[in-house]
Amino acid sequence: TVRGDEGPGRTGLLFADDAAATIAGAVERFEALSTPPTAAACRTNAERFSPTGFRAALKREVSSLWAAPA
């Protein structure tokens, strides 16, 4: 997945469709970024999908639902 939001967690840019002009515009915007995505941000984002990360997120979600009033 791509995190296109501003800031240090950005992993890329989002664009609306796959038209050549849209992709070319996204490449131009990407090349003009003052702070492009970092390898660390990309790795951190990818680690959300690791088995360990999945189990931790599932445990948090189940725990919060278990603790919620009925």
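Select Glu 47 to begin. At 40% relative accessibility, Glu 47 counts as partly exposed. Keep in mind that this is a predicted model.

**Stop 1: a pair in α2**

Add Arg 43 to the selection. The two side chains, Glu 47 and Arg 43, form a salt bridge, with 3.1 Å from N to O. Now show the backbone of helix α2, which covers residues 39-47. Why are Glu 47 and Arg 43 separated by about one helical turn? Because they sit 4 residues apart in helix α2. Colour Arg 43 by accessibility next. Its relative accessibility is 58%, so Arg 43 counts as exposed. Exposed means over 50%, so Glu 47, at 40%, falls short of that label.

**Stop 2: the other salt bridge**

How many salt bridges does the structure hold? There are 2. You have seen the one between Glu 47 and Arg 43. For another, select Arg 10 and Glu 6. Their side chains meet at 2.7 Å, N to O. Check each partner in turn: buried or exposed? Arg 10 is buried, with a relative accessible area of 4%. Glu 6 is exposed, with 66%.

**Stop 3: Thr 11**

Step along to Thr 11. This residue lies in the segment before α1, the helix of residues 20-31. Thr 11 has 15% relative accessibility, so it counts as buried. The cut-off for buried is under 20%.

Now show polar contacts. What does the side chain of Thr 11 reach? It reaches the backbone nitrogen of Arg 3, at 2.7 Å.

Next, show what surrounds Thr 11, leaving out neighbours within four places in sequence. Thr 1, Val 2 and Arg 3 are among its contacts. Pro 37, Ala 41, Cys 42 and Asn 45 are in contact with Thr 11 too.

**Stop 4: a nonpolar patch**

Turn on the surface. Select Phe 15, Ile 23 and Val 27. Together they make a nonpolar surface patch of about 240 Å². Zoom in on Phe 15. Like Thr 11, Phe 15 is found in the segment before α1. With 43% relative accessibility, Phe 15 counts as partly exposed.

**Stop 5: helix α3**

Finish with residues 51-67, which make up helix α3. The helix has 17 residues. Place a distance marker from its first C-alpha to its last. What span does α3 reach? It reaches 24 Å, close to the 24 Å expected at 1.5 Å a residue.

Last, look for buried residues in α3. How many are there? The count is 0 among its 17 residues. Helix α3 is hardly covered.

Notes:
Residues are numbered from 1 along each chain as its sequence is written. This is a predicted model: local features need pLDDT of at least 70, side-chain atom pairs count only at pLDDT 80 or more; totals for chains, interfaces and linings use all residues. Side-chain values use heavy atoms; hydrogens and water are left out. Helices (H or I, at least four residues) and strands (E, at least two) are DSSP runs, numbered from the N terminus. Buried means under 20% relative accessible area, exposed over 50%, partly exposed in between (1.4 Å probe, protein chains only). A polar contact is a pair of N or O atoms within 3.5 Å; within protein, one must be able to donate a hydrogen and the other to accept it, and residues adjacent in sequence count only if both atoms are side-chain atoms. Contact means heavy atoms within 4.5 Å. The expected span of a helix is 1.5 Å times one less than its number of residues. A salt bridge is a side-chain nitrogen of Lys or Arg within 4 Å of a carboxyl oxygen of Asp or Glu. Patches are made of residues with over 30% relative accessible area and no salt bridge: like charges are joined within 9 Å, nonpolar side chains (Val, Leu, Ile, Met, Phe, Trp, Tyr) within 5 Å. Accessible areas come from the Shrake-Rupley method with a 1.4 Å probe; for residues, only the protein chains shown count as cover.
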